[in-house]
Amino acid sequence: MTVTAPASAPKTQQERTADERLLRTSPLKRVLGRPELGSVVGALAVFLFFSLAADSFLRASSLSTVLYAASTIGIMAVPVALLMIGGEFDLSAGVLVTTSALVSSMFSYQMTADVWVGVGVSLLVTLAIGAFNGVVLTRTRLPSFIVTLGTFLMLTGVNLGLTKLISGTVSTKSISDMDGYSSARAVFASTLTISGVPFKITILWWFALVGLASWILLRTRAGNWIFAVGGNKDAARAVGVPVGRTKTGLYMGVALGAWVSGQHLLFSYDVVQSGEGVGNELIYIIAAVIGGCLITGGYGSAVGSAVGAFIFGMTGKGIVFAQWNPDWFKFFLGAMLLLATLLNAWVRKRAEATA
């Protein structure tokens, strides 16, 4: 007599999910799946190009100059990249840097307070502007382009109008003789010498922000929320993701980066021109896009934005080291943007095809 074994019950969704998690992903698939892969390839190409085109490019002092130029962009490119992963833009990021510097300088000078008081007030004001962008965006559901364009225009007018009203000119007064200036300059604009080569402290700020942003994206619940709201905010809201708080937090992250950049601007030059910063927001966005962030949101990385900023630094300073006409920089910038976007799209398709 033959006994037929009973058919096994179909697997539940939980069991299928567990099985899929046990599958091993090949190293090639993991590499192809990284959003910054295209920018890394581009960075290597730019590095090799200028290494051959400019004899002085490989010197340690030249590397220090390139890293400094990259850090001034990268400090802002990191939070802008997170915001883009969350599906939004901030066109006020460039002038917000100037606003941060102006608040620190004018508050300290007019109130004859310790410089650190002005720095603290600037942090509060800058974060409040970031929160304003996020709250208006989530409450009105207007496109971020419109909301932040309005903030951009308002800040541009306020920066110029208040500076001329208070100082009588388009620039702030010197605060270099005030209490706390030396210690604040050491934090935001000092130079560290390593093996005889000077490195600006902004490089450390940049690396720290990249590390913090990467940890948030990859190791925390907030990182999952950022990818979720950037991919599909309605679906994210349906599963309990706090979409409004997440987007507001991202705008405040951009404000934090603007505060750091603004303090560096102030303590590097002592005075601030009220018209600075206009147009820099596009540079931050371009660095993030070159680094692998999608315009549509839901995809990208903090490391990629750092690589994008590094490409900026290499190109800007490489043209100088090669003794070319710097007027061609914008041409190279546009070409890099197009090539990087095409390369990132190709890498993403290859990753999806091999998944």
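Me: Which residues form one aromatic cluster?
Reply: Keep in mind that this is a predicted model. The structure holds twelve aromatic pairs. As for the cluster, its members are Phe47, Phe49, Phe50, Phe57, Phe321 and Trp324.

Me: Stacked, edge-to-face or tilted: how do the rings of phenylalanine 50 and tryptophan 324 pair?
Reply: The ring centres are 5.8 Å apart and the planes sit at 45°. Stacked needs planes under 30 degrees apart and edge-to-face needs over 60. An angle of 45° fits neither, so the pair is tilted.

Me: How many residues apart in sequence are the parts that this pair ties together?
Reply: Phenylalanine 50 belongs to helix 3 (residues 37–53). Tryptophan 324 is in the loop between helix 14 (302–321) and helix 15 (329–354). So the parts tied together are 274 residues apart.

Me: Is tryptophan 324 buried, partly exposed or exposed?
Reply: Its partner phenylalanine 50 is buried, at a relative accessible area of 3%. For tryptophan 324 the value is 32%. Buried means under 20% and exposed means over 50%, so tryptophan 324 counts as partly exposed.

Me: Serine 171 sits in a loop; which residues is it in contact with, leaving aside neighbours within four places in sequence?
Reply: That loop runs between helix 7 (144–167) and helix 8 (181–188). Serine 171 is buried there, with a relative accessible area of 16%. With those neighbours left aside, its contacts are Thr163, Val272 and Gln273.

Me: In the hairpin of strand 1 and strand 2, which residue takes a positive phi?
Reply: Strand 1 (residues 191–194) and strand 2 (residues 197–200) pair in the antiparallel sense over four bridges. Two residues lie between the strands, and the one with a phi near 55° is serine 195.

Definitions and conventions
Residues are numbered from 1 along each chain as its sequence is written. This is a predicted model: local features need pLDDT of at least 70, side-chain atom pairs count only at pLDDT 80 or more; totals for chains, interfaces and linings use all residues. Side-chain values use heavy atoms; hydrogens and water are left out. Two strands pair if DSSP finds at least two bridges between them. Buried means under 20% relative accessible area, exposed over 50%, partly exposed in between (1.4 Å probe, protein chains only). Contact means heavy atoms within 4.5 Å. Rings of Phe, Tyr and Trp (its six-membered ring) pair if their centres lie within 6.5 Å; planes under 30 degrees apart count as stacked, over 60 as edge-to-face and the rest as tilted.
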